[in-house]
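Visitor: I've got a few "how do you know that" questions about this one. Can you walk me through the labels?
Guide: Sure, let's have a look.

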Amino acid sequence: DDFERRADACNLESGDTLVLIGETAGHLGQSMLLREAFAREDGAPPKVDLALEKKVGDFVRGLIAGGLTSTCHDCSDGGLGVAVAEMALAANVGVSLGYQGDLADAAFLFGEDQARYLVALAPAQLEELEARAKAAGVSFLVVGEAGGRELSYLGKGGRDRIALDELRRLHEGWLPAYMKAS
């Protein structure tokens, strides 16, 4: 309704807190990770729950309309890992992620569970997000912070990192390299 209250991946700013909205089970069946990294296409895709999709989508739209966030990216193909990389590249801002839960690092980063969104907001807005999520019955997890010039992840396997410039070179260079090889 209000064009000024819209969200985009490129609105990420240093100091923003990154929050994963929705449940994460680490679903890897038919995922981009299996296809691209292991040349496999096993398992069933995640089941779609339309009521949950609507509930979480309405919640995220409410965050945007209420001015709580102007930065949002869906977590579909490639899961959280791809969403974070695309957001960091679009905004030209690094991101530090962390996770110490029960899932394997690959399942947490690249699981393609349904009804999930990555949003960024000012740290002072976390209490309001928590109150809204509780009232709506929507799960969320603080997963990182924006800033710097690299994308890093601290998980069970230790810390992994890549410079934002290197990530951009790899991301933008694949098509020219592919065309040269053809």
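Guide: Two strands pair if DSSP finds at least two bridges between them; helices (H or I, at least four residues) and strands (E, at least two) are DSSP runs, numbered from the N terminus. This is a predicted model, where local features need pLDDT of at least 70 and side-chain atom pairs count only at pLDDT 80 or more, while totals for chains, interfaces and linings use all residues. Residues are numbered from 1 along each chain as its sequence is written, and side-chain values use heavy atoms, with hydrogens and water left out.

Visitor: What makes S3 and S5 a pair?
Guide: Strand S3 (residues 95-98) meets S5 (residues 140-146) over three bridges, in the antiparallel sense. With at least two bridges required, that qualifies as pairing. Leu97 stands opposite Gly144 of S5.

Visitor: And how do you know in which sense S3 pairs with S6?
Guide: Four bridges join S3 to S6 (residues 150-155), and their sense is parallel. Gly98 has Leu154 as its bridge partner in S6.

Visitor: Which side chains of S3 are buried?
Guide: Val95 and Leu97, which point to one face; Ser96 and Gly98 point to the other and are not buried. Buried means under 20% relative accessible area, exposed over 50%, and partly exposed in between (1.4 Å probe, protein chains only).

Visitor: Why is Leu175 called partly exposed?
Guide: Its relative accessibility is 42%, and the class runs between the 20% and 50% limits, so Leu175 counts as partly exposed. Leu175 belongs to helix H6 (residues 164-181).

Visitor: Why is Cys72 in no disulfide?
Guide: A disulfide is a pair of cysteine sulfur atoms within 2.5 Å. The closest cysteine sulfur to that of Cys72 is in Cys75, 8.4 Å away, so the two are too far apart for a bond. Cys75 is in no disulfide either, its nearest cysteine sulfur being that of Cys72. Searching the whole structure gives zero disulfides.

Visitor: Are those cysteines buried or exposed?
Guide: Cys72 counts as buried at 15% relative accessibility, and Cys75 counts as buried at 3%.

Visitor: What makes Gly79 buried?
Guide: Gly79 has 0% relative accessibility, so the buried label applies. Gly79 lies in helix H3 (residues 79-91). Leaving aside residues up to four places away in sequence, Gly79 touches Leu109, Phe110, Gly111, Glu112 and Arg116, where contact means heavy atoms within 4.5 Å.
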